Amino acid sequence: MKTVLCQKCGRPITSRYDLVTKSAGFLVIVPYHLECYTRDPRGLKSAPALNGEGIFVGIIVIAVLSALFIIKSHWWAIGVVAFILPAVRFASWTMYERHIP
């Protein structure tokens, strides 16, 4: 198993419930402890966590609508662009969440 370190404090993250992943730029995903994410005065909370419940519901809706756009519409590019959020969420799981019990 890979050790996942908090971007803010540098300590290892040992629980999925304590892990918060956040996008820090285009295709840059960083892990934080839940405590570090909520207590940072510099605005870590400005972007939503990629592994939150709200993002999960949004991804399901976006994925279904994107698939419909790609299959049924001549505006298929909109569907392709909309798949970015589900792809980033999958990358977050692949890079960090699957390594933590």
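## A buried salt bridge

R89 and E97 are both buried in this predicted model. The two residues form a salt bridge. Their closest N and O atoms are 2.7 Å apart. A search of the whole structure finds 1 salt bridge.

E97 sits in the segment after α4, the helix of residues 84-95. Its relative accessibility is 8%. Buried means under 20%, so E97 counts as buried. Setting aside neighbours within four places in sequence, E97 contacts R16, L19, T21, N51, R89 and S92. R89, its salt-bridge partner, is thus on that list.

## The nonpolar core

The largest nonpolar core has 15 residues. V4, I13 and L19 touch the most other members. Three elements each supply at least two residues of this core: β1 (19-25), β2 (28-33) and α1 (34-39). β2 gives the most, with 3 residues. In soluble globular proteins, nonpolar side chains tend to be buried together.

What does L19 touch, beyond residues up to four places away in sequence? Its contacts are V4, I13, P31, Y32, N51, Y96, E97 and I100. V4 and I13 are core residues that, with L19, touch the most other members. E97 is the salt-bridge partner of R89. L19 therefore links the two topics so far: L19 is a core residue, and E97 counts as buried at 8% relative accessibility.

## The β1-β2 hairpin

β1 and β2 pair in the antiparallel sense, over 6 bridges. One pairing joins K22 to V30, its bridge partner in β2. The hairpin has 2 residues between the strands. There, L27 takes a positive phi near 60 degrees.

Is β2 mostly covered or mostly open? β2 is mostly covered, with 5 of its 6 residues buried. This strand is also the element that gives the most to the largest core.

## A nonpolar patch on the surface

Some nonpolar side chains lie at the surface instead. F56, V57, I60, V61, V64, L65 and L68 make a nonpolar surface patch of about 640 Å².

L65 is one of the patch residues. It lies in helix α2, residues 53-72. Why does L65 count as partly exposed? Its relative accessibility is 47%, and partly exposed covers the range between buried, under 20%, and exposed, over 50%.

Conventions:
Residues are numbered from 1 along each chain as its sequence is written. This is a predicted model: local features need pLDDT of at least 70, side-chain atom pairs count only at pLDDT 80 or more; totals for chains, interfaces and linings use all residues. Side-chain values use heavy atoms; hydrogens and water are left out. Patches are made of residues with over 30% relative accessible area and no salt bridge: like charges are joined within 9 Å, nonpolar side chains (Val, Leu, Ile, Met, Phe, Trp, Tyr) within 5 Å. Accessible areas come from the Shrake-Rupley method with a 1.4 Å probe; for residues, only the protein chains shown count as cover. A salt bridge is a side-chain nitrogen of Lys or Arg within 4 Å of a carboxyl oxygen of Asp or Glu. Helices (H or I, at least four residues) and strands (E, at least two) are DSSP runs, numbered from the N terminus. Buried means under 20% relative accessible area, exposed over 50%, partly exposed in between (1.4 Å probe, protein chains only). A nonpolar core is a set of buried Ala, Val, Leu, Ile, Met, Phe, Trp, Tyr and Cys residues joined through side-chain atoms within 4.5 Å. Contact means heavy atoms within 4.5 Å. Two strands pair if DSSP finds at least two bridges between them.
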